[in-house]
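Work through the following exercises with the sequence and the model at hand. Each task is followed by a solution in steps.

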Amino acid sequence: MLTFNIRGENIEVTQAIRDYVQKRISKLEKYFEQSVDSTAHVNLKVYQNKDSKVEVTIPLPYLTLRAEETSPDLYASIDLVTDKLERQIRKYKTKVNRKSREKGFKNLEFTPETAGNEDSDDNNAKLEVVRTKRVSLKPMDNEEAILQMDMLGHDFFIYEDAETDAVNIVYRRNDGRYGLIEAGD
């Protein structure tokens, strides 16, 4: 069951907008397990040029869904972001199902955690931690970790290797390909 946290920037979130967001994003619940309770964080922005940006983040126990879309029409942006989230879910489920059949896993659980977006002041030479995030590592292989990283829009992703139980990091290289860092003893 999804609950909604809808926030507007430069726009008043009317009941009509709230109802439309809830109606569209609630359609994604058909892909979730019945026992899943999560909050869909929806941020609506309207810029001076009248473009509307919709950002949606849905943290789930096994996956964090995130998408954003910008268009001249707020309702079209809501539709586009919902379609993007649905494609992410389908891609994820297809890949997980294929992997589980190939490797013979009966039940795979994934909890990708997001890495923080640290803000840095280039003019200040101090090394200061401005944000801390705690991550819970769940077993997966590097292909699934890359999928999670791409869906979150991050440049790296930390996970526990399903075969070796070691902590690994996948990252996006400057050439667009991927790298893997394996933690050693």
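**Exercise 1.** Find the order of the strands in the open sheet of four strands, and the kind of pairing.

Solution. The order in this predicted model is β5-β6-β7-β8, and the pairing is mixed. Strands here are DSSP runs of E with at least two residues, numbered from the N terminus, while helices are runs of H or I with at least four. Two strands pair if DSSP finds at least two bridges between them. Next, β5 (139–140) and β8 (178–182) are at the edges; each has a single partner strand, so one side of each lacks a neighbour in the sheet. Strand β7 (residues 167–172) runs antiparallel to β8, with five bridges joining them. One residue pair to locate is Val170 with its bridge partner Leu180 in β8.

Residues are numbered from 1 along each chain as its sequence is written. Local features need pLDDT of at least 70, side-chain atom pairs count only at pLDDT 80 or more, totals for chains, interfaces and linings use all residues, and side-chain values use heavy atoms, with hydrogens and water left out.

**Exercise 2.** Describe the surroundings of Ser71 in strand β4.

Solution. Start with the strand: β4 covers residues 64–71. Ser71 has a relative accessible area of 10% and is therefore buried (under 20%; exposed is over 50%, partly exposed in between; 1.4 Å probe, protein chains only). Leaving aside neighbours within four places in sequence, Ser71 has contacts (heavy atoms within 4.5 Å) with Asp51, Ser52, Ala76, Ser77 and Leu80.
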